[in-house]
Amino acid sequence: MVERRTTLGIFAHAVMILGVLIVAFPLYIAFIASTHTSQAILQVPMPMSPGGHFWENYIAALNGHGGGAGSNAPVARMMWVSLVTALVITFGKIAISLLSAFALVYFRFPFRGLVFWAIFVTLMLPVEVRISPTYKVVSDLGMLNTYAGLTVPLIASATATFLFRQFFLTVPDELVEAARIDGAGPMRFFKDILLPLSKTSVAALFVIQFIYGWNQYLWPLIATTGEQMYPVVVGIRMMIAGGDSGNEWNIVMATAIMAMLPPAIVVVLMQRWFVKGLVDTEK
Amino acid sequence: MEKRVRFDSQVLPWMLVAPQLAICAVFFFWPAAQALLQSMQVQDSFGLSTEWVGLDNFKTLFNDSAYLESFQVTAVFSLLVAVLGISLSLMLAIFADRVVRGALFYKTMLIIPYAVAPVVTGVLWVFMFSPSIGVVAFGLDRFFGFQWNHLLDSTHAMTMIVTAAVWKQISYNFLFFLAGLQSIPKSLIEAAAIDGARPWRRFWTIQFPLLSPTTFFLLVINMVYAFFDTFAIIDATTHGGPGRDTAILVYKVYQDGFKGGDLGGSAAQSTVLMLIVITLTVLQFKFVEKKVNY
């Protein structure tokens, strides 16, 4: 800091605390609501300190024993579907992007520019602009209500490909020459030299893509028709269909907390890579 | 930039890009081409016959007052989200840049909304703002005598989705502004301080102008976010209501095409959306190029 200004310092802390309070308030309310009975929450105003029904509510939510007017599907199953989907999307994106970036940077082949542009153009075609035709393709392929249907259409990634391409371009050419002199083929070079060097980029992308995969909403909403294959973010939306007093808000909020937890843990624990990844991919 | 040293193979590179290209072709290009094609066709209600109608679907679309209204709603919504989100996060980033003690704690707390799914944000907002049981609705009534009802009042409904969308986007904007502020050379600030410029003056004459590329970038990103990623918030909270007053374009495509079954009309809407994304993406990349030179 350039100069010391006590008043400004205190004011800065005050603003930061205000910001933190704004961010934390909805999360706090959700947590409080998840520890009370549904009757206690329907009292206006609802209690502002934790109640004693924490385990009861979370177990009821996980097993699907809530009695709300909306959907009461077991959350344990939804969490599993979300986890599998998010992990397959994350590793799928990273794997195919690593391979395509490797091809684009280290080989010269006809139509290379065209391939680059084809991958680039996918940035401009989010699910939202091609809902019905994509649904038709997936249903024609018999992929509705399957893990393949939930994940494969989302695995193409222009941002990840560009990030790896950008990184590969900074890898010194001497490494390739050295590998060649030692008699290593392209795949050997990729596996033993390029992959270990890319660790940081992979970690950064892991955080971003895991959150992307876990929080996907529109696509699973279209590609699934039964509770059996709902990820938790779709499931929770079905739970609140009962209306203000028909919903068991304690169960819904317990589900909300559980739906937030895995991506929040990933972001907080991998904060350093997350920030780097965000600023590098600019996405 | 190109590599000097390469591997020689004609087959291997194609095998390497094959998975990515296959997915792009099957799930991106084919459906997008279908959308373009369908936007110029009309199907009868049984899907038995298809007729080529050229640009008729677009003409109908732009003569439809509901669609034009939706355009207006989207413009208001995305402008509010972008401006509010950016100014709030800029303020937080400026003070975070000054704070030394507790900086990591503040930063950690502020990035959490990024991890929260838009639809979960929507569910939290429904719960807090519910006119009968919500804490926020209660607080507004008790302390300000303000009757909150987003189910009847479209300004309330708009406020609700804007605050939810801004809350979720604070993390993203905040991190970019903080990175931007920290990359401004300390010597510039010190020189201005020696010349007698106080913090307020230094912000407007040095930091804010130097942040302008970041601000512009975030403006585009926030527009894209408000256009496309807020579908889940609206689907969980207002369902586009009351009436059609919060039905943004993406929500309308989903309702008309996927729920309502109007294939030609919704394909035309998709095409319009595609044009919007293309414009925004081109803007974004134009900016990235500029930043590299800068």
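1. A useful term to start with: the radius of gyration is taken here over C-alpha atoms, and the rule for a compact globule is 2.2 Å times the number of residues to the power 0.38. For 294 residues, such a globule would have a radius near 19 Å, but chain B has 24 Å. Its C-alpha atoms fill a box of roughly 75 × 75 × 30 Å along the principal axes.

2. Please keep in mind that this is a predicted model, in which local features need pLDDT of at least 70 and side-chain atom pairs count only at pLDDT 80 or more, while totals for chains, interfaces and linings use all residues. Residues are numbered from 1 along each chain as its sequence is written, and chains are lettered from A and ligands numbered from 1 in the order in which they are written.

3. How sure is the predictor? pLDDT is its confidence in each residue, from 0 to 100. Chain A has a mean of 87, with 98% of its residues at 70 or more. Within chain A, confidence is highest in α4(A), at 93, and lowest in helix α15 (residues 271-281), at a mean of 79. Helices (H or I, at least four residues) and strands (E, at least two) are DSSP runs, numbered from the N terminus.

4. Now look at the two chains together. Their contact takes 83 residues from chain B and 83 residues from chain A, where two residues are in contact if their C-beta atoms, placed from the backbone, lie within 7 Å. On the chain B side, helix α1 (residues 12-38) gives the largest share, 18 residues.

5. The largest nonpolar core has 167 residues, and B:Val120 and A:Ile236 are among those with the most contacts inside it. Such a core is a set of buried Ala, Val, Leu, Ile, Met, Phe, Trp, Tyr and Cys residues joined through C-beta atoms within 7 Å. Leaving aside neighbours within four places in sequence, B:Val120 is in contact with several residues of chain A, including A:Ile236 and A:Met260.

6. Helix α4(A) is mostly covered, with 23 of its 32 residues buried. Buried means 20 or more other C-beta atoms within 10 Å of a residue's own, exposed means 12 or fewer, and partly exposed is in between; C-beta atoms are placed from the backbone.

7. One last spot to visit is A:Phe111, in the loop between α4 and α5 (112-121) of chain A. A:Phe111 has a positive phi of about 65° although it is not a glycine. Is A:Phe111 buried or exposed? A:Phe111 is exposed, with 11 other C-beta atoms within 10 Å.

Technical notes
pLDDT = per-residue confidence, 0-100.
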